[in-house]
Amino acid sequence: MASAESQLADTLARALRDLRISVTDRCQFRCTYCMPREVFGRDFAFLPRAELLTFEELARAARVFARLGARKLRLTGGEPLLRRDLERLVAMLAGIDGIADIALTTNGALLAGKAGALASAGLRRVTVSLDSLDDAVFMALNDAAFPAGRVLEAIAAAADAGLAPVKVNMVVRRGVNDESILPMAGHFRNSGHVLRFIEYMDVGTTNGWRLDEVVPAAQIISLIDRQWPVEPIAPAYPGEVASRYRYRDGAGEIGVIASVTQPFCRGCTRARLSADGKLYTCLFAGTGHDLRGPLRRGDSDQALGEQVAAIWARRTDRYSERRTLQTGRTQQVTRKVEMSHIGG
Ligand code: SAM
């Protein structure tokens, strides 16, 4: 493993440290902000199985990224637990030299039955998405009649399997679930889990995003602070996307992910691999770079690594920062993001 490879940096001197792997573009939920039913309905053409990277291809790709400096892997989707035997992939990834951390982001629907096997296979951490404790609100958001109680059971099962503390992601959309902020904060205080509020992001033309539906992270924090005073704490590691706070009374930690109001492109060390093997250097990148072709035509790991390194070295992405600069945060943009392919 050449040390020169781990010095890989893009045009803004950002290293490649994290790889998000979308293992499927399918999901059982139809969250209105992510895969709305009007777009991802009965007729939506999801990827045929043959177009998905196999576990062997995913593990090979991860090995190539690890040689270039990636240390953390996150499995996402779509809903990653819809990919059968995901624990087999986790075990393959856990054996890769240089990989220090494997995490999973899930809606929790299938997690309770899988948490033990995933943890035994080498999964280190889990993030579970939950946007409200109020079933009327949660079901209107997930549009799949899925109750919040089952997600809470999944969080408990993950903790029992040794995956605590669980991170809980709540996307906040004004007028939709902002009244759930305090009940969610109250529920997860003293739980040992870390609730993170995510600003509702523009994923282009599919979710009808409007700036006035974003509740700025600063507002979320001051709302909580009035009820339960909080203070900021240092990032757990350089480039952490969430800003962390702790309750002054010792009831635990919360986080905010202010992708809209305080973009963090400068510290972004993440690459994304879509379910069909495209490398995206930004969540908002309009196009990806095909790695499935090279993987399937038998390119060597060395050749694959050179291709990825060349793509990363040319990377200029700072989409969210530019948008904020250009629009003064007043306009909507219409870039389409394949959230289901490249994960959130
Ligand atoms: N299905 C899994 C889940 O529900 O966690 C993984 C994929 S999902 C795309 C990953 C994360 O992205 C979730 O926490 C989800 O809430 C978040 N997300 C999706 N669309 C978003 C949006 N428009 N703005 C902010 N976060 C979003």
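This report covers the ligand site, one buried arginine and the salt bridges of a predicted model.

## Ligand shell

The shell around the ligand holds 20 residues. Tyr-33, Gly-78, Glu-79, Ser-129 and Met-201 come nearest. By class, the shell has eight nonpolar, 10 polar and two charged residues.

## Polar contacts to the ligand

Two ligand contacts run through the protein backbone. A polar backbone atom of Gly-78 sits 2.9 Å from a nitrogen atom of the ligand. For Met-201, a backbone N or O atom is 2.8 Å from a ligand nitrogen. Ser-129 uses its side chain instead: a polar atom there lies 2.6 Å from an oxygen atom of the ligand.

Burial of the ligand is 95%. That share refers to the 550 Å² that the ligand exposes when taken alone. Three strands each give two or more residues to the shell. They are strand 3 (101-106), strand 5 (167-172) and strand 6 (194-199).

## A buried arginine without a salt bridge

Arg-74 belongs to strand 2, which spans residues 72-76. Arg-74 is buried, yet no salt bridge involves it. Which side chain of opposite charge is nearest to Arg-74? It is Asp-101, at 6.4 Å. A salt bridge needs the nitrogen and the carboxyl oxygen within 4 Å, so this pair does not count.

Arg-74 does have a polar partner. Its side chain makes a polar contact of 2.9 Å with the side chain of Thr-105.

## Salt bridges between distant parts of the chain

The model has 19 salt bridges. One of them joins Arg-296 and Glu-57, with the closest N and O atoms 2.8 Å apart. Arg-296 is in helix 9 (residues 292-296) and Glu-57 in helix 2 (residues 55-67). The two are 239 residues apart, and the pair links distant parts of the chain. Is each partner buried or exposed? Arg-296 is partly exposed, because its relative accessible area is 41%. Glu-57 counts as buried, because its relative accessibility is 15%.

Helix 2 also holds Arg-67. Arg-67 forms a salt bridge with Asp-301, and here the closest N and O atoms are 3.7 Å apart. Asp-301 lies in helix 10 (residues 301-313), 234 residues from Arg-67. Arg-67 is partly exposed at 36% relative accessibility. Asp-301 is buried, with a relative accessible area of 18%.

## A strand-to-loop pair

Arg-248 and Glu-231 meet through their side chains in a salt bridge of 3.1 Å, N to O. Where do the partners sit? Arg-248 is in the loop between strand 8 (243-247) and strand 9 (253-257). Glu-231 is in strand 7 (residues 230-233). The separation is 17 residues.

Accessibility sets the two apart by class. Arg-248 counts as exposed, because its relative accessibility is 55% and the cut-off for exposed is over 50%. Glu-231, at 22%, counts as partly exposed, because buried means under 20%.

## A salt-bridge network

Which residues are linked in a network of salt bridges? Asp-10, Arg-14, Arg-315 and Asp-317 are linked in this way.

Definitions and conventions. Residues numbered from 1 in each chain as written. Predicted model: local features only at pLDDT ≥ 70, side-chain atom pairs only at ≥ 80, totals over all residues. Heavy atoms only, no water. Near = heavy atom within 4 Å. Polar contact = N/O pair within 3.5 Å; in protein donor to acceptor, adjacent residues only side chain to side chain. Areas by Shrake-Rupley, 256 points an atom, 1.4 Å probe, with all protein chains shown as cover. Helix = DSSP H or I, 4+ residues; strand = E, 2+ residues; numbered from the N terminus. Nonpolar A, V, L, I, M, F, W, Y, C, P; charged D, E, K, R; others polar. Buried < 20%, exposed > 50% of the residue type's maximum accessible area, 1.4 Å probe, protein only. Lys, Arg positive; Asp, Glu negative; His and termini not counted.
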